[in-house]
Amino acid sequence: MEPLFILLSSSIEFGITVAIVGFLIVFSSLTALVIVFTRLPKVINRMLNRNKLRKKKNTKEETPVTEDDYVVEGNVTAAISLALHMYFNELHDEESNVVTIKKVKKAYSPWSSKIYSVNNNWPR
């Protein structure tokens, strides 16, 4: 108990003690997080593999999928590509590309009338 009391008695030594304890806490928690994050994918993969094996055992064997199931005929491909082309062309509005700038005269405002009276009443 006395060595701890001696360490904590001085303010400089107290600061050093707090710094050392803080660094130890941070580094130990970072080490624990690294271990958890490196092991977690392996654990998840093992669980998924076990579930897949259980499902395989429980289900009946189905007919295998061949490449003929994924073949798309040419007319279907053409219809899909035409539909996509028409859809993406309709997304943009056609504009005339003419820029017009109209000068708008400011309406009368009582807030701006004082400046007109100040500017117009100077002796000439």
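Is Phe-23 buried or exposed, and what is its relative accessible area? Phe-23 is exposed, with a relative accessible area of 53%, and I would like to start from that residue and work outwards, keeping in mind throughout that what you have in front of you is a predicted model.

Let me first set out the chain as a whole. The secondary structure of the protein chain amounts to 4 helices and 0 strands, so that reading along the sequence gives the pattern α-α-α-α. Of the 124 residues in the protein chain, 0% are buried, and the chain exposes about 13300 Å², with carbon and sulfur atoms supplying 64% of that area.

Now to the aromatic rings. A search of the whole structure finds 2 aromatic pairs. In one of them, the ring centres of Phe-23 and Phe-27 are 6.4 Å apart and the planes meet at 25°, so this pair is classed as stacked; the reasoning rests on the cut-off that planes under 30 degrees apart count as stacked. Both residues belong to helix α2, which covers residues 11–58, and they are 4 residues apart in it, about one turn of the helix. Phe-27, at 52% relative accessibility, counts as exposed, and the cut-off applied there is over 50%.

The other pair is made by Tyr-87 and Phe-88, whose geometry is edge-to-face, at 5.4 Å centre to centre with 65° between the planes. Here Tyr-87 is partly exposed, its relative accessible area being 49%, and Phe-88 likewise counts as partly exposed, at 47% relative accessibility.

Let me return to Phe-23, which has its place in helix α2, and turn to the surface around it. Which residues make the nonpolar surface patch of about 970 Å²? Phe-23 and Phe-27 are both among them, and the patch also takes in Val-26, Leu-30, Leu-33, Val-36, Phe-37, Leu-40, Ile-44 and Leu-48. The two rings of the stacked pair are therefore also members of this nonpolar patch.

Finally, there is a patch of positive charge on the surface, in which Arg-39, Lys-42, Arg-46, Arg-50, Arg-54 and Lys-57 gather. Arg-50, one of these residues, lies in helix α2, and at 52% relative accessibility it counts as exposed.

To draw this together for helix α2, Phe-23 and Phe-27 both lie in that helix, and so does Arg-50, with the two phenylalanines contributing to the nonpolar patch and the arginine to the patch of positive charge.

Key: Residues are numbered from 1 along each chain as its sequence is written. This is a predicted model: local features need pLDDT of at least 70, side-chain atom pairs count only at pLDDT 80 or more; totals for chains, interfaces and linings use all residues. Side-chain values use heavy atoms; hydrogens and water are left out. Helices (H or I, at least four residues) and strands (E, at least two) are DSSP runs, numbered from the N terminus. Buried means under 20% relative accessible area, exposed over 50%, partly exposed in between (1.4 Å probe, protein chains only). Accessible areas come from the Shrake-Rupley method with a 1.4 Å probe; for residues, only the protein chains shown count as cover. Rings of Phe, Tyr and Trp (its six-membered ring) pair if their centres lie within 6.5 Å; planes under 30 degrees apart count as stacked, over 60 as edge-to-face and the rest as tilted. Patches are made of residues with over 30% relative accessible area and no salt bridge: like charges are joined within 9 Å, nonpolar side chains (Val, Leu, Ile, Met, Phe, Trp, Tyr) within 5 Å. A salt bridge is a side-chain nitrogen of Lys or Arg within 4 Å of a carboxyl oxygen of Asp or Glu. Lys and Arg count as positive and Asp and Glu as negative; His and the chain ends are not counted. The place of a charge is taken as NZ of Lys, CZ of Arg, CG of Asp or CD of Glu.
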